[in-house]
Amino acid sequence: VEVWRGPTGLLQGTGDPGGTINFVRKRAQDSYGLNARALVGSERHAYGEIDVTGPLDEDGRLRGRLVASYLDRHYFTDHATKQLPMLYGTLEYDLAPATTLSIGTTWQRDDSRPFFGLAAYDNGTYPKVPRSTYLGAAWNRDIQQAQRSFIELERRFDDGGTAKLSAIGVRRRNQGEFAWGNSFADRQTGDVAMIPYFSRDRTNEAIVDARLTRPWQWLGQRQEISVGASH
């Protein structure tokens, strides 16, 4: 993770001067590495992850990395769940000692049965019900799926500058169908009006970015200039 302070709107689009959190992709390494972990918690909360990387040929010009994780989470509220599988793979190949071609793709799916909370009485108090009470429909479901693929060509210069040309494709699919309380709870009967909600949407994005960064000396200090274009 990179945290950039200052007017990063110059590089990240319009916005107030402040900061940008940049989630950097995991890169294939030139030495073998393996990292795995598993977590188990209360309410049937389980998570597993494996991350393996290393060279794929004798001289290390071709490298790969594969990351997989899975979250299966239940909550103290009845029926509320979340399943979150993720796969990421990338390959890097050195066309020359200072020129690298990278490709990769990420796939992630968030499949959950959401819970939007209990309905209150009109005086601001809540019904005296068990902590695990679920207010919603048995068919409540929210699915968010995304696939992001990229290809990048990078040239590194002896003075520390770089030139990059990259293309990114993103496909997203969201599907939601759920109901939640849309009124105060009736003090006599406990009844609550429910509102159903259904949505479907698909989004496709294609991004091309070119950037050149070069250092130079001015007033006894190292400066850096970056020029580029994106569409």
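One aromatic cluster is formed by Phe116, Phe178, Trp180 and Tyr197. The model in which this cluster appears is a predicted one, and a search of the whole structure finds eight aromatic pairs. Among them is the pair of Phe178 and Tyr197, which is stacked, with 5.4 Å from centre to centre and 25 degrees between the planes. This pair links distant parts of the chain, as Phe178 belongs to strand E9 (residues 162-181) and Tyr197 to strand E10 (residues 194-218), 19 residues apart. The two partners can also be told apart by their accessibility. Phe178 counts as buried because its relative accessibility is 10%, under the 20% limit for that class. Tyr197, with a relative accessible area of 37%, is partly exposed.

Tyr197 also pairs with Trp180; here the ring centres are 6.2 Å apart and the planes stand at 50 degrees, so the pair is tilted. Planes under 30 degrees apart would count as stacked, and those over 60 degrees as edge-to-face. Once again distant parts of the chain are linked, with Trp180 in strand E9 and Tyr197 in strand E10, 17 residues apart. Trp180 has a relative accessibility of 27% and therefore counts as partly exposed.

Aromatic rings also take part in arrangements with charged side chains. The charged end of Arg214 is placed over the ring of Phe157, at 4.3 Å from the ring centre. In a second case, Arg131 lies over the face of Phe76, and the distance to the ring centre is 3.9 Å.

Attention now turns to Thr77, which is found in the loop between strand E5 (62-74) and strand E6 (81-96). Thr77 counts as buried, because its relative accessibility is 6%. When neighbours within four places in sequence are left aside, the contacts of Thr77 are with Phe115, Ser132, Thr133 and Tyr134.

Finally, the pockets of the model were examined. The largest pocket holds about 2,000 Å³ of space. This pocket is lined by 50 residues, of which Asn22, Phe23, Val24, Arg25 and Arg148 are the closest to its centre. By residue class, the lining of the largest pocket is made up of 17 nonpolar, 18 polar and 15 charged residues.

Terms used:
Residues numbered from 1 in each chain as written. Predicted model: local features only at pLDDT ≥ 70, side-chain atom pairs only at ≥ 80, totals over all residues. Heavy atoms only, no water. Helix = DSSP H or I, 4+ residues; strand = E, 2+ residues; numbered from the N terminus. Buried < 20%, exposed > 50% of the residue type's maximum accessible area, 1.4 Å probe, protein only. Contact = heavy atoms within 4.5 Å. Phe/Tyr/Trp six-rings, centres within 6.5 Å; stacked < 30°, edge-to-face > 60°. Lys NZ or Arg CZ within 6 Å of the ring centre and 35° of its normal. 1 Å grid on protein atoms, 1.4 Å probe; cavity = no way out; pocket = protein on both sides within 12 Å on 5 of 7 lines; lining within 4 Å. Points joined across faces, edges and corners; volume = space filled by probe spheres on them. Nonpolar A, V, L, I, M, F, W, Y, C, P; charged D, E, K, R; others polar.
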